[in-house]
Amino acid sequence: MATFSVDNTARTPFGKNAFLRSTQDVKTESYTVSAANFPANVTVDGEAKKVLQPGTVMATITAVGAEQGKIGPFDAAATDGRQTGANIVGLAETFVPWQLAERDVDIAVVYECTAVAAWCLHHDTDVQEAMDGTTQTAVETAVPTINFK
């Protein structure tokens, strides 16, 4: 006979972030996210996990090495090129809930859209948080085809 056991352990919920104001006229480009340069930025059930949310500002890694040419989250405290506003390529469109713990991942990055600034994310010393005005200005300068409402 089948049995059912209820585990009452609390779980930390997380889901896909919405950031687009409109889905019309959205243009994307494919990039590879560096798993090595992506921080464990979200705590799920007490464990730090690497979760890439849609709407995260992404920038190119320019430091010489195996990760050069890949992308990671824009972070003003980074030292591998992701801290430079001119290296911003756009906003992540792909939700990557666990794969970065194991390998690099190819994602779609939005370079033309209308987005809600308050719903976009960036990293500050490897901590994921809502995009601030300084990062928004850097995105608008590097990728002028992204409009924030």
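The protein exposes about 8,100 Å² of surface, of which carbon and sulfur atoms supply 49%. This value, like the others reported here, was computed from a predicted model. Of the 149 residues of the protein, 41% count as buried. The charged side chains comprise 10 positive and 18 negative groups, and the centres of these two sets lie 5 Å apart.

The secondary structure consists of one helix and ten strands, which follow one another along the sequence in the pattern β-β-β-β-β-β-β-β-β-α-β. The radius of gyration is 16 Å, close to the 15 Å that the globule rule gives for 149 residues, so the protein is as compact as a globular protein of that length. Along its principal axes, the C-alpha trace spans about 60 × 40 × 25 Å. With regard to the contacts that have a separation of 6 or more, residues 24 or more positions apart account for 67% of them.

Five salt bridges are present in the structure. One of them joins lysine 27 to glutamate 112, with the closest N and O atoms 3.7 Å apart. This pair links distant parts of the chain, since lysine 27 belongs to strand β1 (residues 27-33) and glutamate 112 to strand β7 (residues 105-115), the two residues being 85 residues apart. Lysine 27 is partly exposed, its relative accessible area being 38%, and glutamate 112 is likewise partly exposed, with a value of 23%.

Salt bridges also link Glu67, Lys70 and Asp104 in a network. Within this network, glutamate 67 pairs with lysine 70, the closest N and O atoms being 3.4 Å apart, and both glutamate 67 and lysine 70 are buried. The side chains of aspartate 104 and lysine 70 meet in a further salt bridge, for which the N to O distance is 2.4 Å. Here again distant parts of the chain are linked: aspartate 104 is situated in the loop between β6 (88-92) and β7, whereas lysine 70 is situated in the loop between β4 (57-60) and β5 (71-73), 34 residues apart. Lysine 70 has a relative accessible area of 18% and therefore falls in the buried class, for which the limit is under 20%. Aspartate 104, at 27%, is partly exposed.

A further set of contacts involves the loops on either side of strand β5. Aspartate 80 is found in the loop between β5 and β6, and, with a relative accessible area of 11%, this residue is buried. When residues up to four places away in sequence are not counted, aspartate 80 touches Asn37, Ile61, Thr62 and Ala63. The last of these, alanine 63, lies in the loop between β4 and β5 and counts as partly exposed at 30% relative accessibility. With the same exclusion of residues up to four places away in sequence, alanine 63 touches Gln68 and Asp80. The C-alpha atoms of alanine 63 and arginine 82 are separated by 9.1 Å, these two residues being 19 residues apart along the chain.

Key
Residues are numbered from 1 along each chain as its sequence is written. This is a predicted model: local features need pLDDT of at least 70, side-chain atom pairs count only at pLDDT 80 or more; totals for chains, interfaces and linings use all residues. Side-chain values use heavy atoms; hydrogens and water are left out. Helices (H or I, at least four residues) and strands (E, at least two) are DSSP runs, numbered from the N terminus. The radius of gyration is taken over C-alpha atoms; the globule rule is 2.2 Å times the number of residues to the power 0.38. Buried means under 20% relative accessible area, exposed over 50%, partly exposed in between (1.4 Å probe, protein chains only). Contact means heavy atoms within 4.5 Å. Accessible areas come from the Shrake-Rupley method with a 1.4 Å probe; for residues, only the protein chains shown count as cover. Lys and Arg count as positive and Asp and Glu as negative; His and the chain ends are not counted. The place of a charge is taken as NZ of Lys, CZ of Arg, CG of Asp or CD of Glu. A salt bridge is a side-chain nitrogen of Lys or Arg within 4 Å of a carboxyl oxygen of Asp or Glu.
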